[in-house]
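User: I've got a chain open here and would like to go through it with you, one piece at a time. Could you take my questions as they come?

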Amino acid sequence: MGRKDRERFQRLRDSNPDYVGYRGLDTVVTVQAPSAATETVVCSVCNRKRNVASDSLPEDISTFVCLRCQEDSGGDAT
Ligand SMILES: [Zn+2]
């Protein structure tokens, strides 16, 4: 961007606070929502790795059973 363009951009921005320019949106700081901490745990039934919220883990993670296996064992088994 040349000097003249920069000055024009500056003027536009000064007269219009909403004007963000051709790259203004890139400079907007995106606030990331705090996500719950997860841990990768191996299910003791299916031996698959699962991402599980830390606060929903059993004390002994070797006994962890993933939701899918919990559903499989608890449902109407035919
Ligand atoms: Zn499982």
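User: Where is cysteine 46 placed?

Analyst: This is a predicted model, and in it cysteine 46 sits in the loop between S1 and S2.

User: Is cysteine 46 buried, exposed or partly exposed?

Analyst: Cysteine 46 is partly exposed, because 13 other C-beta atoms lie within 10 Å, where 20 or more would be needed for a residue to count as buried.

User: And which residues is cysteine 46 in contact with, leaving aside its neighbours within four places in sequence?

Analyst: With those neighbours left aside, cysteine 46 is in contact with Cys66 and Cys69. In addition, the C-alpha atoms of cysteine 46 and arginine 68 are separated by 9.2 Å, while the two residues are 22 apart along the chain.

User: What about arginine 48, which residues is that in contact with beyond four places in sequence?

Analyst: Arginine 48 is in contact with Cys43 and Cys66, once neighbours within four places are left aside. Cys66 thus appears in the contacts of arginine 48 and in those of cysteine 46. Arginine 48 lies in the loop between strand S1 (38-42) and strand S2 (49-53), and its C-alpha atom is separated by 9.8 Å from that of valine 65, 17 residues apart along the chain.

User: Why does arginine 48 count as exposed?

Analyst: Arginine 48 counts as exposed because it has 11 C-beta neighbours inside 10 Å, and the cut-off for exposed is 12 or fewer.

User: Let's look at the strands themselves. How do S1 and S2 run, and how many bridges join them?

Analyst: S1 and S2 run antiparallel and are joined by five bridges. Together they form a hairpin with six residues between them. Across the pair, valine 42 stands opposite lysine 49 in S2, and valine 41 stands opposite arginine 50 in S2.

User: How many of the five residues of S2 are buried?

Analyst: The count of buried residues in S2 is zero, and the strand is hardly covered.

User: Back to the turn: which residue there has a positive phi?

Analyst: That is asparagine 47, with a positive phi of about 60° in the turn of the hairpin, and asparagine is a residue other than glycine. As a general point, most residues other than glycine have a negative phi. Asparagine 47 is also exposed, because 8 other C-beta atoms lie within 10 Å.

User: Changing topic, why does the length of helix H1 agree with what it should span?

Analyst: Helix H1 covers residues 3-15, and at 1.5 Å a residue its 13 residues should span 18 Å, which agrees with its end C-alpha atoms being 18 Å apart. None of the 13 residues of H1 is buried, so the helix lies largely in the open.

User: Last one, what does the whole chain look like in terms of its elements and its buried residues?

Analyst: The chain has three helices and two strands, in the order α-α-β-β-α from the N terminus on. Of its 78 residues, 1% count as buried. Among contacts between residues at least 6 apart in sequence, 5% join residues at least 24 apart.

Conventions. Residues are numbered from 1 along each chain as its sequence is written. This is a predicted model: local features need pLDDT of at least 70, side-chain atom pairs count only at pLDDT 80 or more; totals for chains, interfaces and linings use all residues. Helices (H or I, at least four residues) and strands (E, at least two) are DSSP runs, numbered from the N terminus. Two residues are in contact if their C-beta atoms, placed from the backbone, lie within 7 Å. The expected span of a helix is 1.5 Å times one less than its number of residues. Two strands pair if DSSP finds at least two bridges between them.
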